[in-house]
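I opened the coordinates to look up a few local features and wrote down what I found. The entries follow in the order I made them.

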Amino acid sequence: MSSPPTSKPSLPPSARARALAVLLTQHKSGDPLDEVCTRLWDRQAMDSRDRAFAMELVYGVLRRQETLDWRLEPALKKPLPRLPLMVQMLLRMGMYQLAYMDRVPASAAVNESVNLAKANKAQLGRDWSGLVNAVLRSVTRLPERPFPELQPDPAGALSIRYAVPQWLCARWVEQMGVERAEAACQTVSTVPALTLRVNRQRVGRDAFLEQLVGAGIAARQTTVSPVGVILEEGRAVTTIPGFQDGLFYVEDEAAQLIPLILDPQPDEHILDVCAAPGGKTTHLAELMSNRGQIVAMDRHAARLQVLKENCQRLGATIIAPLVADARELGMVVSRQATDLQIPSPGVFDRILVDAPCSGMGVLRRHPDAKGQKDTEMFVRHHTLQREILERASSVLRPGGVLVYSTCSTEPEETEAVIARFCQDHSDCVRESIMPWLPASAFPFVTEQGALSTMGNALGMDGFYAVRLRKIQGSL
């Protein structure tokens, strides 16, 4: 008697198939890209090389989308947006491999894209593999198009060159001129380096660098921050020596400057508004030698849980997490004063307001967010930022210091917020940030004495920060 036929075990999805699934899911859901990757890719075991390949495809397609669409244009008979979303993504993935992944043969880029189209015939409702094949093969035969000149349409040219939304390019050209706008666009289009802040409560920067070199990891000191290290190549953070021992925290170089501007002192009472996930909070604790108290406020309990985990890993023991909305700050502090051991009458020596913002300064880290931005968001954030700043200043003691910072350098979220605040609060005055920064950071101090790293040539994120002091004797 013959044995019943056995079904062949299904093969796991290819790296390209996994990348396609993430691109489609993220586009439809609008969820953060890193969350979508984790959610979809952790369901099945995934080879580290496949994961790295899929990751480059996903982030590359989103980071270069405007440029990819422009490169595909001559080979299309109809505009790309009129094609099904899956076909759009297949063409972009194929084009990215052809244009930016030198180690992938052109034949493989085309053939694998065609195979994916065939595999998804049922979902697409018809076979689009012929179109995918024709378009990508046409691209390989056509001469490479030169990028358009900056004149007469600088915004359009910058958008194509650096894959930045055209409305944002036009905004920057109007605000800063073509040269500075191009520098800002170039920053957005670059792949950010993996930058670490050394936890000097546990190790010095030189000693930490020696550990990295001993492990065969190429790294160097940051140019501006006195506590940063830049890895020459990206890698999984948990595989870096010293992670479990809390020797470092992943943080951009510009962000490492913000706690220095606040200049917290041991035994002071500090408030960190919108504190999660805790990068600046734990840096403040380090600067205070773990003496005093930091109330770390955030309205998202899940994000505060991440902060707690970071505090435990880094050994920051003076941080008191508080789930609360900063817009209700005065009432919250009064209600929680006893539990948090805040000194009467419930005011703080220093306050950090790392305000919610458009995130335009960290757009290169979140290329999926480019399509979710618009000009109206600046007005919304401006209103929220003013409200938070207003409430925070109400619990700052006379003579105390408040630092307002954003990972955006857009005027509505930076100088416009501070100008209006100072106009309404004669008891608060601006102070130049220069005395609290290393000389290497002086080029990023504005005429008004604030920090702005927009369009810098050192690979830092775009950050803004201003230092305010409440006048002694004010109520």
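Entry 1, strands and crossovers. I started with E6, helix H15 (residues 301–314) and E7, which form a right-handed β-α-β unit. This is a predicted model, and I read everything below with that in mind. I looked up how E6 pairs with strand E7 (residues 319–323): the two run parallel and five bridges join them. To place one pair, I picked Met297, whose bridge partner in E7 is Leu322.

I then went to the other neighbour, strand E5 (residues 268–273). E5 and E6 also run parallel, joined by five bridges. Between E5 and E6 the chain passes through helix H14 (residues 279–287), and this β-α-β crossover is right-handed. The pair I noted here is Ile270 with Ile294, the latter in E6. I also checked how covered strand E6 (residues 292–298) is, and found six of its seven residues buried.

Entry 2, the loops on either side of H14. I looked at the backbone angles next. Most residues other than glycine have a negative phi, and most peptide bonds are trans. Cys274 departs from this with a positive phi near 55°, and Cys274 sits in the loop between E5 and H14. That loop between E5 and H14 also holds Pro277. The peptide bond joining Ala276 and Pro277 is cis, with omega about 10°.

On the other side of the helix, Ser289 lies in the loop between H14 and E6. Ser289 is not a glycine, yet its phi is positive, at about 55°. Is Ser289 buried or exposed? Neither label applies: Ser289 counts as partly exposed because its relative accessibility is 38%, and the partly exposed class lies between the 20% limit for buried and the 50% limit for exposed.

I noted one more cis bond elsewhere in the chain. The bond from Gln151 to Pro152 is cis, with omega near 15°. Pro152 is in the loop between helix H8 (129–141) and helix H9 (154–162).

Entry 3, cavities. Rolling a probe the size of a water molecule over the atoms shows where empty space is left. How many cavities of 30 Å³ or more does a search of the whole structure find? It finds two.

The largest cavity has a volume of about 110 Å³. Its lining is made of 14 residues, and Trp172, Val188, Met360, Gly361 and Met454 lie nearest the centre. I asked which element gives the most to this lining, and helix H11 (residues 178–189) does, with three residues. By class, the lining of the largest cavity has seven nonpolar, five polar and two charged residues.

The second largest cavity has a volume of about 60 Å³. I listed its lining in full: Arg197, Asn199, Gln201, Thr282, Glu286, Asn290, Leu314, Gly315 and Ala316. The classes there are two nonpolar, five polar and two charged.

Entry 4, a pocket. I then looked at the second largest pocket, which has a volume of about 460 Å³. It is lined by 18 residues, with Arg180, Thr409, Thr446, Ser452 and Met454 nearest its centre. Seven of the lining residues are nonpolar, eight are polar and three are charged. Met454 had already come up in Entry 3, among the residues nearest the centre of the largest cavity.

Entry 5, two buried loop residues. Thr453 lies in the loop between strand E11 (451–452) and strand E12 (464–470). Thr453 counts as buried because its relative accessible area is 0%, and the cut-off is under 20%. Not counting residues up to four places away in sequence, Thr453 touches Ala254, Phe444, Met460, Asp461, Gly462 and Phe463.

My last lookup was Leu80, in the loop between helix H4 (65–72) and helix H5 (85–100). With a relative accessible area of 5%, Leu80 is buried too. Leaving out residues up to four places away in sequence, the contacts of Leu80 are Asp69, Leu72, Gln88, Leu91 and Arg92. I also took one long distance: from Leu80 to Glu413 it is 35 Å, C-alpha to C-alpha, for a separation of 333 residues in sequence.

Key: Residues numbered from 1 in each chain as written. Predicted model: local features only at pLDDT ≥ 70, side-chain atom pairs only at ≥ 80, totals over all residues. Heavy atoms only, no water. 1 Å grid on protein atoms, 1.4 Å probe; cavity = no way out; pocket = protein on both sides within 12 Å on 5 of 7 lines; lining within 4 Å. Points joined across faces, edges and corners; volume = space filled by probe spheres on them. Helix = DSSP H or I, 4+ residues; strand = E, 2+ residues; numbered from the N terminus. Nonpolar A, V, L, I, M, F, W, Y, C, P; charged D, E, K, R; others polar. Buried < 20%, exposed > 50% of the residue type's maximum accessible area, 1.4 Å probe, protein only. Pairing = 2+ DSSP bridges. Right-handed = clockwise from strand over helix to strand, strands pointing away. Contact = heavy atoms within 4.5 Å.
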